[in-house]
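Colleague: Before I use this model, I want the reasoning behind the labels. Can we go through them one at a time?

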Amino acid sequence: MTDREITEIQAVLHNLKKRKSPILVALDGRCGAGKTTFAAQIQKAENCNVIHMDDFFLRPKQRTAERLQQPGGNVDWERLREEVLIPLKRDIPFSYCPYDCHTQKLKEPVWIEKKLVTLVEGSYSCHPQLWDFYDLHIFLTVSSKEQMRRIRKRNGEEVLQVFLNKWIPLEEQYFQAFSIQKRCELCFDIKSEIRKG
């Protein structure tokens, strides 16, 4: 992510701050596009909260065939809405229990400090059931070739095959079903390595 793109987002946030508080931002996009790195850059620049969608992965008992057939159904958007987005909109203190993919259990509650801006980062953050909670929607995209290169570098060849066969098709189904990229107010095409702050 370049300085220009960070500055563009900060300008949008500056205008939002004049009109309302608190501000909720969704950062959605393709896996390997750099959402987590980008969120860290915004967090540093804005001193905002960052909530990760990975903390709201479906628990084993929720992974029914019916649920996984739904576009965007492989994330626990209901829990994100109840534990995070509703308290944020009400501007009240709250905590949530992150999901641990390794143990497949919820971890101890994490308390979130009250801040003017909160960024919800990760695929499915713009799910239609969550869309109206946000004041700004950002989408990161990346070419298929660059996406594969990044996932291979980050996770290795074996995990890349899991992404190609499972996670990427599920994401693309969700993006297409709900026109996520087209609906977002800001969209960035990540063509090279994101600069780390």
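What follows is a short exchange on terms and values.

Modeller: One caution first. This is a predicted model.

Colleague: What makes the overall size agree with a compact globule?

Modeller: The radius of gyration. For 197 residues the globule rule gives a value near 16 Å, and the protein has 16 Å, so the two agree. Along the principal axes, the C-alpha trace spans about 45 × 35 × 30 Å.

Colleague: How many helices and strands are there?

Modeller: The protein has 7 helices and 9 strands.

Colleague: Why is L13 called buried?

Modeller: The cut-off is under 20% relative accessible area. L13 has 2% relative accessibility, so L13 counts as buried. L13 sits in helix α1, residues 3-19.

Colleague: Which residues does L13 touch, beyond those up to four places away in sequence?

Modeller: I23, V25, E46, V117 and L136. Contact here means heavy atoms within 4.5 Å.

Colleague: How far apart are L13 and F188, in sequence and in space?

Modeller: They are 175 residues apart in sequence. In space the C-alpha to C-alpha distance is 16 Å.

Colleague: S125 is in a loop. Why is S125 called buried?

Modeller: Buried needs under 20%. S125 has a relative accessible area of 0%, so S125 is buried. The loop runs between β7 (117-121) and β8. Outside its neighbours within four places in sequence, S125 is in contact with A26, L27, D28, M53, V120, L130, Y134 and Y174.

Colleague: How do you know that β8 and β9 pair?

Modeller: Pairing takes at least two bridges. Strand β8 (residues 136-141) and β9 have 4 bridges, in the parallel sense. T141 stands opposite D189 in β9.

Colleague: Which residues of β9 are on the covered face, and which on the uncovered one?

Modeller: β9 covers residues 186-189. L186 and F188 make up the covered face. C187 and D189 make up the uncovered face.

Colleague: What share of contacts joins residues at least 24 apart?

Modeller: 75%, among contacts between residues at least 6 apart in sequence.

Colleague: And burial over the whole protein: what percentage of the residues counts as buried?

Modeller: 48% of the 197 residues. The exposed area is about 10,400 Å², with 51% supplied by carbon and sulfur atoms.

Colleague: How many charged side chains of each sign are there, and how far apart are the centres of the two sets?

Modeller: There are 32 positive and 27 negative side chains. The two centres lie 2 Å apart.

Conventions. Residues numbered from 1 in each chain as written. Predicted model: local features only at pLDDT ≥ 70, side-chain atom pairs only at ≥ 80, totals over all residues. Heavy atoms only, no water. Helix = DSSP H or I, 4+ residues; strand = E, 2+ residues; numbered from the N terminus. Rg over C-alpha atoms; globule rule 2.2 N^0.38 Å. Buried < 20%, exposed > 50% of the residue type's maximum accessible area, 1.4 Å probe, protein only. Areas by Shrake-Rupley, 256 points an atom, 1.4 Å probe, with all protein chains shown as cover. Lys, Arg positive; Asp, Glu negative; His and termini not counted. Charge placed at Lys NZ, Arg CZ, Asp CG, Glu CD.
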